[in-house]
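Please open the model in your viewer and keep the selection panel at hand for the stops below.

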Amino acid sequence: MRETFLPFSPPLIGEEEIAEVVDTLRSDWITTGPKVKRFEQEFAAFIGAPEAFAVSSCTAALHLSLLALGIGPGDAVITTPLTFCSGVHVIEHVGARPVLVDVEEDTLNLDPRKLRNAIEAAQKNLGVHVKAIMPVHLYGHPCDLDAILEIAAEYKLAVIEDAAHSLPARYRGRMIGSMAASAKVPLLTCFSFYATKNLTTAEGGMLVAPRDLLEEARLWGLHGMNRDAWKRYGSEGSWHYEVVRPGYKYNLTDMQAALGLHQLRKLPGFHARRRRIVERYNSAFRSHPELCEPTERDDVDHAWHLYVLRLDLEQLELTRNQFISELHERKIGCSVHFIPIHLHAYYRDKYRYRPEDFPVANREYQRVVSLPLSPRMTDQDADEVIEAVAGVVQRHMRKARPALQLRAVAP
Ligand SMILES: *Cc1c(COP(=O)(O)O)cnc(C)c1O
């Protein structure tokens with residue numbers, strides 16, 4: 001067993017990031033300034049988008065997407081029950097109605113085959129105008145974007161991608177975040193730089209969108225003022241500004257962008273390291289019929305933000321929660337992604353959801369475990385996780401039942 005506890009997803013911050021933050025602190029700009037500008041440009045170039053808007057979180061980017069699209073009371077937005085609560089909260093914030101659509105069995109992403117019915121039913125039964133679809137590239141595995149975009153075009157809906165997990169990921173050879181120009185509907189992409197994510201600025205996010213929507217989001221994201229502070233107080237600036245929206249304050253600071261600039265350079269290396277750990281996990285867990293490894297479809301490159309193992313609860317004599325406690329006793333940190341939205345008290349009570357309303361999300365939630373995955377992990381760390389998982393499985397394998405044995409001898 002391990003000597004020390006293996007944390008689930010610690011950040012990996014190097015001396016370069018630390019020196020850049022110190023450099024920022026010694027400069028004249030600590031909040032939104034030249035480093036944010038550079039980070040936006042380098043990030044956009046990295047994913048292959050014309051421009052990007054750095055914000056204080058992915059939640060802010062999602063909120064600004066809805067505001068830029070003018071979504072509000074009387075409107076509805078379709079999303080998945082298997083996600084973090086903040087993507088659904090922002091739909092509530094703008095006064096629109098969230099409509100949940102169940103997930104696919106393999107990827108656990110929003111199921112495009114269930115979209116048409118959900119859109120028709122929402123318009124007919126709820127008296128709302130469906131305006132957008134907000135899919136989540138869950139765990140870093142891209143959604144079936146072409147199928148989603150096709151339905152969006154048919155119903156004239158915008159698509160807001162929650163890409164909190166999917167940096168860097170590719171769908172049919174194209175980077176997530178690079179497809180707005182070729183889409184037939186408004187396509188906006190929201191990234192997260194929260195401490196556990198594949199690239200971190202401690203807190204932070206990035207919005208990528210077509211130019212007009214990005215301009216509108218910039219207005220909403222900084223008090224609704226039509227010039228930002230850097231331009232106002234810089235050498236070529238003037239003191240005058242106009243307020244044209246009751247905007248929010250969602251800007252990223254130069255201290256955070258200082259982290260992001262170096263994290264971005266290191267991202268390909270981080271990703272390669274994640275993939276190596278995933279390959280080690282997959283090759284070990286393949287031989288256990290009690291475990292189901294994550295899916296990676298042929299037409300995607302997975303960002304491998306999370307490694308989510310699924311337990312075959314028919315073959316194991318323990319629950320997922322017991323599985324996690326036993327791994328914890330073996331000094332391995334784990335987590336669960338996510339508690340489905342419709343089971344949370346606020347949404348359950350407000351919309352009268354029952355657990356079985358989204359049967360795939362509800363069933364899979366009972367058996368998902370996120371194992372440690374970070375570029376900080378060594379091969380030995382990965383092997384110790386494998387050993388601990390194998391140990392727990394060994395201990396709790398369901399014994400063959402007498403009835404089954406009887407059938408085996410007398411068919
Ligand atoms: C982390 C996360 C968010 C929120 O990101 P913040 O940057 O913390 O606002 C949104 N959606 C998903 C799926 C996430 O995992």
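Which helix holds Ile 18? Select helix 1, residues 15-25, and you will find Ile 18 within it, helices being DSSP runs of H or I with at least four residues and strands runs of E with at least two, both numbered from the N terminus. This is a predicted model, in which local features need pLDDT of at least 70 and side-chain atom pairs count only at pLDDT 80 or more, while totals for chains, interfaces and linings use all residues. Residues are numbered from 1 along each chain as its sequence is written, and side-chain values use heavy atoms, without hydrogens and water.

Ile 18 has 41% relative accessibility and therefore counts as partly exposed, a class between buried (under 20%) and exposed (over 50%), with a 1.4 Å probe and protein chains only.

Next, select the sheet, which is open and has seven strands in the order 1-9-8-5-4-2-3 with mixed pairing; two strands pair if DSSP finds at least two bridges between them. Strand 1 (53-55) and strand 3 (97-100) are at its edges, each with a single partner strand, so each has one side without a neighbour in the sheet.

Move on to strand 2, residues 75-79, which runs parallel to strand 3 and is joined to it by four bridges; here Thr 79 stands opposite Leu 100 of strand 3.

Now add helix 5 (residues 115-125), which packs on the sheet and touches strand 2, strand 3 and strand 4 (129-134), contact meaning heavy atoms within 4.5 Å. Finally, show helix 7 (residues 211-221), which also packs on the sheet, touching strand 1, strand 8 (187-192) and strand 9 (205-208).

Notes. Axes fitted to C-alpha atoms, helices over the stretch in contact; angles between N-to-C directions.
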